[in-house]
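Got your viewer open? Load the model, switch to cartoon, and keep the selection box handy.

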Amino acid sequence: MSKRDFLSTADLTRHELDDLLDLAARVKGKRPGQVMAGKTLGLLFFQPSLRTRVSFEVAMVQLGGHVINLSADDLYELEPQDQAVMNGPAEEHVKDAARTLSRYVDALGIRAASRTGTWERDRQELLLRSYAKYSSVPVINLETCFAHPCQALADMLTLRENLVSLKGRKLTLLWCNHPEPKSLGPTHSVLHLAALMGMNVTLAHPLGFEVDQQVLDESRRMAGDAGGSLQVVNDMRAAADGAEVVYARSWGCTKYWDDAEREAMVKRSLQDWKVDEALMATTKDALLMHPLPVRRNVAASDAVLDGKRSLIYEQAANRAHVQKALLMQLLK
Ligand code: CP
């Protein structure tokens, strides 16, 4: 964590992660009281959300604080580039919006996960980073196309509750099909944190759905430092073999990031990239994870999602607990 923002899992140390998860476990066991009384959290959603929005609201309200929720429809179109000549559609610069909001709220959460251009542009998280630069209050990443750190925190708490020790456990992070282009946020953040935990991570995807090289390099280094490993395979059956956790998630094709039709065409031949009972039977009785929302019977079958080894609702529930811990750390 830098500047008391929470933007990425890349710069989290193992010590910081353990501290956050320990605090989340404590607040889950026993409500800490009205520690956010008098404080306001501003949430800006430029994309839809169910879990992130509700879990942050519930977290803040249960801690005695207040929430202001704004969606893209409530806001002026924003310009994130410094020194832009604003003669286009953008009515307000992020600099002015961030500096203004900082005078009203104690922290800001921002979801900005859309595709706005090429991968090279979108991977820079311009809107989020501009808010973080100009805001004088902590900024929390509620998901960009590049990172979803709050989701990964909840996932690590869920894994810790179910497996106790994560070091050396085999987690397969498996691409699955989806009719729409999806963000790489959850994938990148789970890669980072599973590696930081010393898990043996297998990343499985079809050719063409490579994750960002920087995230791959960072995760490899983190896994190595923590006594774990990271391998990439293009065969889902090989990846499932011996897995103790299957984390299913679809993500977009960075090569065709600005060409959704081309991506959809590529995905038409990848419909067997789906988690079903036959695939799960080849694992080591694996737990099944997915960050939701999920396309049932496209990405994963009903039987698997509703099965005894599915953790999908535990992951969703833990969003509120880790976010309470995060708010308490950022606003202490
Ligand atoms: N997993 C997740 O972030 O869900 P929402 O998109 O509903 O917030």
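Here is a short walk through two helices and a sheet. Keep in mind that this is a predicted model.

**Stop one: helix 1**

Select residues 14-29, which make up helix 1. From first C-alpha to last, its 16 residues reach 22 Å, close to the 22 Å expected at 1.5 Å a residue. Now show side chains for Leu17, Leu20, Leu21, Leu23, Ala24 and Val27, the buried residues of this helix. They sit on the same side of helix 1, because they cover an arc of only 160° around the axis. Which elements do they pack against? Add helix 6 (149-163), helix 7 and helix 13 (312-330) to the view: those are the packing partners. Then spin to the face turned away from the buried side, where you'll find His15, Arg26 and Gly29 exposed.

**Stop two: the open sheet**

Next, pick out the four strands of an open sheet, which run in the order 2-1-5-6 with parallel pairing. At the edges are strand 2 (66-71) and strand 6 (139-144), each pairing on one side only. Neighbouring strands here are turned by 15° against each other on average, direction ignored.

Zoom in on strand 1 (residues 40-45) and strand 5 (residues 107-112), which are parallel and joined by five bridges. To see one bridge pair, select leucine 44 and its partner in strand 5, isoleucine 110. Then bring in helix 5 (residues 126-134), which lies across strand 1, strand 5 and strand 6. Relative to strand 6, helix 5 runs at about 180°.

**Stop three: helix 8**

Move on to residues 213-225, helix 8. Its 13 residues reach 18 Å between the first and last C-alpha, close to the 18 Å expected at 1.5 Å a residue. Val215, Leu216, Glu218, Ser219, Met222 and Ala223 are buried in this helix. Why are they on the same side of helix 8? They cover an arc of only 165° around the axis. Their cover includes helix 7 (185-196), strand 8 (200-204) and strand 9 (229-233).

Stay on serine 219 for a moment. With 0% relative accessibility, this serine counts as buried. Leaving aside neighbours within four places in sequence, serine 219 is in contact with Leu191, His192, Ala195 and Leu230.

Finally, check both ends. At the start of helix 8, a side-chain oxygen of aspartate 212 comes to within 3.1 Å of the backbone nitrogen of glutamine 214. Following the helix is glycine 227, with a positive phi near 85°.

Definitions and conventions
Residues are numbered from 1 along each chain as its sequence is written. This is a predicted model: local features need pLDDT of at least 70, side-chain atom pairs count only at pLDDT 80 or more; totals for chains, interfaces and linings use all residues. Side-chain values use heavy atoms; hydrogens and water are left out. Helices (H or I, at least four residues) and strands (E, at least two) are DSSP runs, numbered from the N terminus. The expected span of a helix is 1.5 Å times one less than its number of residues. Buried means under 20% relative accessible area, exposed over 50%, partly exposed in between (1.4 Å probe, protein chains only). The arc is that of the directions from the helix axis to the C-beta atoms. Contact means heavy atoms within 4.5 Å. A polar contact is a pair of N or O atoms within 3.5 Å; within protein, one must be able to donate a hydrogen and the other to accept it, and residues adjacent in sequence count only if both atoms are side-chain atoms. Two strands pair if DSSP finds at least two bridges between them. Axes are lines fitted to C-alpha atoms, for helices over the stretch in contact, and angles run from 0 to 180 degrees between N-to-C directions.
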